[in-house]
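Q: I'd like to learn how to read helix packing, burial and backbone angles in a protein model. Could you take me through it?

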Amino acid sequence: MYRNYRSYLADYDVNTKMTTNSKKRTNSSDESLEKGIKQRPVKARRNSQNESAVSLREQKPEKRNSKKERRRRKKNNFRGTKVQKVFAKNNSEVFFDPNYWKIVDIKEIQNIILYLLGRSGHCPPWIKIRGKHEIKNVVTLMVPGLDPGMFGMSAELAIKINRPIEISLLLERGLYGDQAKCAHEAFPALSQVFSHACVTQAPGENGRLHSSFFSLMSCYIPEDYKKYLLDKSEVNVINFTDMTDDLVQQRILKCLLTHEQMRDNFYPIPTCIAKDSKPLPPGWIEIHYPEYQFPYQKQYLDEKVDLKILAIDCEMCITADGPALTRVSIIDDKLKVVYDSYVKPDLPIINYLTEFSGITEEILRDVTVTIKDVQTQISELVDKHTILVGHSLECDLKALQFAHPFIIDTSILYSDPRNSYKPKLKNLAKMWLNRNIQSQGPRGHDSIEDAMTCMDLLKMKLNRGLEFDKTHESIFKRIYRTTSSTAAIVDREAKTNLYKDDAKKVVMCKTDDEVLNSLTEIVSNEQNILYNYVFGRFLDLKTLPDDVDGRINLVKKLDERIGMIYNKIPNKTLFIITSGGGDSKEWLILRDKKQDHFSDWTEQDENELQNAYLKAKVGFSFFRLK
């Protein structure tokens, strides 16, 4: 159900300009850095006889209209670029083209990897790769925290510098804004390996941020291969009629939202999910789970409990305190209506939203049911083994003032979480169920119809397989499917298990030291097993100590790890480091504050949130061909 009263941040286009509400302040070091980058000629780093550096070449004055120049452009397909053509001894090199420069997207880094290994991506115009057939391997490190804030630089300044930033200029700044702690001392390896830092933006629009990790890992499936997968899934269709079937229940459990998904999609978090969950606001209810701990999957596998599936849809209006509940409809898995009631808000209604909710003043005139009455009914219908289904159900649960740990959201079930926008329920019904809903014009939506549609969409997933509408595949699967190139992933989080069937080697570690040991062993080919693509993550910088000296020690350890990995990787390997984005801690705090105290939200708070959003979105990436 479309809800037009949701409040999102204005769209940020970091490729063009900052927010108009942000204060334009720069200190003397910021001004000198910007002036230095614009005035200092960027020279190519000299290469040894057996390696190429990622470098930015300075143009030489040439006669633009000469026949020689036109032939050179045509021959090398430079489209008029003024980058000087310089080749290394091994005839392969990687360098930047300032004539096409832009803020780097995570998807562009993915395209570079696929261009070299998967033969299915395209090379972005801002980077030039010579002799790509000689580049056999790619090593990618994701290091959250390696962003402009580490070098005492604001996100606004990083965006304003519309070209790669020389490492020498970047390291002249003080670490974390402390001018007494020069970055040169902490990054000897980084300055030796890389010549430039590329400003990079995290995925996401409209005040939302998406996972840079998943954005890098997921590739769009080509139409021809998608048709093959769809035909394959049609062959194995099983018509389930009983929602308590063991196989169906296992599929249902895979559809449940994770704690991370609930948090990222602004769901109210029940106290049973995480130890650090905030207490629910006054007036809210939840089902207590004294006997079980999240996640639900483990409990189900141990005891084979019977699940109950209920689909919920609510209609809301606008009061002086924001959205308020005016109707709630609940159906079971047999599409039987188990509860349907209009609700009288406690505060006066200022907008009935009739064109969306179908609610009018006449409908609610004689209604006496309050939200407390609805909560009492929900407490009787929903138990510890109940799973709630809905479309963007976070809005419905907030209107009900009800928190529940077991949610299936059809807007996520039928979309990839890295996409910017969720699909509308109306579009999903037309595409997959061949059903026209929400077509009553000025009479608004029907909450019973929407709830039944959500239940039917879930059943279709269970009948045809969880991946029948699949639009993405992992980058590991793509490069293996197209070129038989093998891959390895080394990480500290359990989400790496998502790729255990796609990557040839999956290593889950507990510390960054374990990540380093596994990476050096893999890239150095000590076991005589060559992996064409290797991905790893260092996460120590995500939890920084309060004191500057403690932070600098972490930075020095990171620099040592970067140097050790670079020394181990073989020649003809592209080495990429990306932060994936900036520091999102402040943005997460302000985002939650806006959700919890929307009625007290001020314009100043909104400006702070937008500035924090920009800080969370902007990071750095580094490239080097060994």
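**Reading the packing**

A: Let's start with a pair of helices: the axes of helix 23 (residues 585–596) and helix 24 (residues 603–617) come within 8 Å and cross at roughly 145°. The crossing of helix 23 with helix 24 is left-handed. Bear in mind that this is a predicted model.

Q: Which residues make the contact between helix 23 and helix 24?

A: From helix 23 it's Glu-586, Trp-587, Leu-590, Arg-591, Lys-593 and Lys-594, and from helix 24 it's Asp-605, Glu-606, Glu-608, Leu-609, Ala-612, Tyr-613, Lys-615 and Ala-616. Sorted by class, this contact of helix 23 with helix 24 has 6 nonpolar, no polar and 8 charged residues.

Q: What angle do helix 18 and helix 19 make, and how far apart are their axes?

A: Helix 18 (residues 425–432) packs on helix 19 (residues 447–464) at about 50°, and the axes are 11 Å apart. Angles from 65 to 115 degrees would count as roughly perpendicular and those under 35 as roughly parallel, so helix 18 is oblique to helix 19. The crossing of these two, helix 18 and helix 19, is left-handed. Helix 18 brings Leu-425, Leu-428, Ala-429 and Trp-432 to the contact, and helix 19 brings Asp-450, Thr-453, Cys-454, Leu-457 and Met-460. By class, that contact of helix 18 with helix 19 has 7 nonpolar, 1 polar and 1 charged residues.

Q: How do I tell which side of a helix faces inward?

A: Start with the geometry: an α-helix has 3.6 residues a turn, so residues three or four places apart point the same way. Then look for the buried residues, which in helix 18 are Leu-425, Leu-428 and Ala-429. These residues lie on the same side of helix 18, because they cover an arc of only 100° around the axis.

Q: What covers the buried residues of helix 18?

A: The cover includes helix 17 (410–413) and helix 19.

Q: How many residues of helix 16 are buried?

A: Helix 16 is mostly covered, with 7 of its 8 residues buried. The buried ones are Leu-393, Glu-394, Cys-395, Asp-396, Leu-397, Ala-399 and Leu-400. Among the elements covering them are strand 12 (308–319), strand 13 (322–332), helix 15 (371–381), strand 16, strand 17 (402–403) and strand 18 (407–409).

Q: What should I make of a positive phi?

A: The background is that most residues other than glycine have a negative phi. A positive one is therefore worth a look when you meet it in a residue other than glycine. Ser-392 is such a case, with phi near 50°. Ser-392 sits in the loop between strand 16 and helix 16 (393–400). At the other end of that helix, Gln-401 follows helix 16 and has a positive phi near 55°. Asn-434, just after helix 18, has a positive phi too, about 50°. You can add Ser-484, where phi is positive at about 60°. Ser-484 lies in the loop between helix 20 (475–483) and strand 20 (487–491).

Q: Is Ser-392 buried or exposed, and is Ser-484 buried or exposed?

A: Buried means under 20% relative accessible area, and exposed means over 50%. Ser-392 is at 5%, so it counts as buried. Ser-484 is at 51%, so it counts as exposed.

Q: How do I read a buried strand residue?

A: Take Ile-387, which belongs to strand 16 (residues 386–390). Its relative accessible area is 0%, so Ile-387 is buried. Next, check what surrounds the residue: beyond its neighbours within four places in sequence, Ile-387 contacts Ile-252, Leu-256, Leu-307, Lys-308, Ile-309, Leu-310, Phe-406 and Ile-408. You can also look at C-alpha spacing: Ile-387 and Pro-405 are 18 residues apart along the chain, with 8.4 Å between their C-alpha atoms.

Q: Which C-alpha distance goes with His-472 and Ile-221?

A: The separation is 5.1 Å, for two residues 251 positions apart along the chain. His-472 is in strand 19 (residues 472–474), and at 7% relative accessible area it is buried.

Q: How many helices and strands does the protein have?

A: There are 24 helices and 24 strands. Of the 626 residues, 53% count as buried. Among contacts with a separation of 6 or more, 72% come from residues 24 or more positions apart.

Methods: Residues are numbered from 1 along each chain as its sequence is written. This is a predicted model: local features need pLDDT of at least 70, side-chain atom pairs count only at pLDDT 80 or more; totals for chains, interfaces and linings use all residues. Side-chain values use heavy atoms; hydrogens and water are left out. Axes are lines fitted to C-alpha atoms, for helices over the stretch in contact, and angles run from 0 to 180 degrees between N-to-C directions. Helices (H or I, at least four residues) and strands (E, at least two) are DSSP runs, numbered from the N terminus. Angles under 35 degrees count as roughly parallel, over 145 as roughly antiparallel, 65 to 115 as roughly perpendicular and the rest as oblique. A crossing is left-handed if the near helix is turned anticlockwise from the far one by less than a right angle, and right-handed if clockwise. Contact means heavy atoms within 4.5 Å. Ala, Val, Leu, Ile, Met, Phe, Trp, Tyr, Cys and Pro count as nonpolar, Asp, Glu, Lys and Arg as charged, and the others, Gly among them, as polar. Buried means under 20% relative accessible area, exposed over 50%, partly exposed in between (1.4 Å probe, protein chains only). The arc is that of the directions from the helix axis to the C-beta atoms.
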